[in-house]
Amino acid sequence: MDICWIMDASKKVVKTLCKEINEHFLCPMYSDVMRISEITTTTAHGKPVESIQLTCEDGAIFVFPKDDCAMLPIVHATTEELGIYLWE
């Protein structure tokens, strides 16, 4: 099997996966330092919005629209873990 063909196919797969998570908050679902929960919030006009709430170890709370989040099966959003996620 030609190694160039394998590399070309791998490149296409990684490019597709990267497009899916591009411009999203990368949320590590298995984080050991944040509690992650799905909540419903409302806009200023009263419209319900599905959101992701992150509660950090220090008590800080962050809320993101669910549609803006890429929920990834990783512990930390590091280059190493993202590489393993993309490889698998």
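How much area does the chain expose, and what share of it do carbon and sulfur atoms supply? The exposed area is about 6700 Å², and 59% of that comes from carbon and sulfur atoms. Keep in mind throughout that this is a predicted model.

I'll start with the overall layout. The chain contains two helices and five strands. Read from the N terminus, the order of elements is α-β-β-β-β-β-α. Of the 88 residues in the chain, 17% are buried. As for contacts between residues at least 6 apart in sequence, 42% of them join residues at least 24 apart.

Next, the core. Which residues form the largest nonpolar core? There are five: Ile21, Ala70, Leu72, Ile74 and Leu82. Take leucine 82 from that set. Once neighbours within four places in sequence are set aside, leucine 82 is in contact with Leu26, Leu72 and Ile74. Two of these contacts, Leu72 and Ile74, belong to the core as well.

On to isoleucine 84, which sits in helix α2, residues 79-87. Isoleucine 84 has a relative accessible area of 48%, so it is classed as partly exposed; the cut-off for exposed is over 50%. Its C-alpha is 9.1 Å from that of isoleucine 74, and the two residues are 10 apart in sequence. Isoleucine 74, to repeat, is one of the core residues.

Now the hairpin. Strand β2, residues 34-42, pairs with β3 in the antiparallel sense, over nine bridges. The two strands make a hairpin with five residues between them. In that turn, glycine 46 has a positive phi of about 85°. Across the pair, threonine 41 stands opposite valine 49 in β3.

Threonine 41 also appears in a side-chain contact. Its partner is serine 51, found in strand β3, residues 48-56. The side chains of serine 51 and threonine 41 make a polar contact at 3.0 Å. Is serine 51 buried or exposed? Serine 51 is buried, because its relative accessible area is 3%, and buried means under 20%. Beyond four places in sequence, serine 51 touches Ser37, Glu38, Ile39, Thr41, Val63, Phe64, Pro65 and Lys66. Among these, Ser37, Glu38, Ile39 and Thr41 fall within β2, residues 34-42.

A word on the backbone elsewhere. Which residue other than glycine has a positive phi, near 60°? That is glutamate 23. Glutamate 23 lies in the loop between α1, residues 3-21, and β1, residues 25-28. At 75% relative accessibility, glutamate 23 counts as exposed.

Last, the cysteines. How many disulfides does the count give? The count is zero. Cysteine 69 is in no disulfide, and the nearest cysteine sulfur, that of cysteine 27, is 5.8 Å away. The cut-off for a disulfide is 2.5 Å between the sulfur atoms, so this pair does not qualify. Cysteine 69 counts as buried because its relative accessibility is 10%. Cysteine 18, by contrast, has 33% relative accessibility and therefore counts as partly exposed.

To recap: the chain has two helices and five strands, the largest nonpolar core has five residues, β2 and β3 form a hairpin, and the disulfide count is zero. That is the end of my part.

Terms used: Residues numbered from 1 in each chain as written. Predicted model: local features only at pLDDT ≥ 70, side-chain atom pairs only at ≥ 80, totals over all residues. Heavy atoms only, no water. Buried < 20%, exposed > 50% of the residue type's maximum accessible area, 1.4 Å probe, protein only. Helix = DSSP H or I, 4+ residues; strand = E, 2+ residues; numbered from the N terminus. Contact = heavy atoms within 4.5 Å. Areas by Shrake-Rupley, 256 points an atom, 1.4 Å probe, with all protein chains shown as cover. Polar contact = N/O pair within 3.5 Å; in protein donor to acceptor, adjacent residues only side chain to side chain. Core = buried A, V, L, I, M, F, W, Y, C linked by side-chain atoms within 4.5 Å. Pairing = 2+ DSSP bridges.
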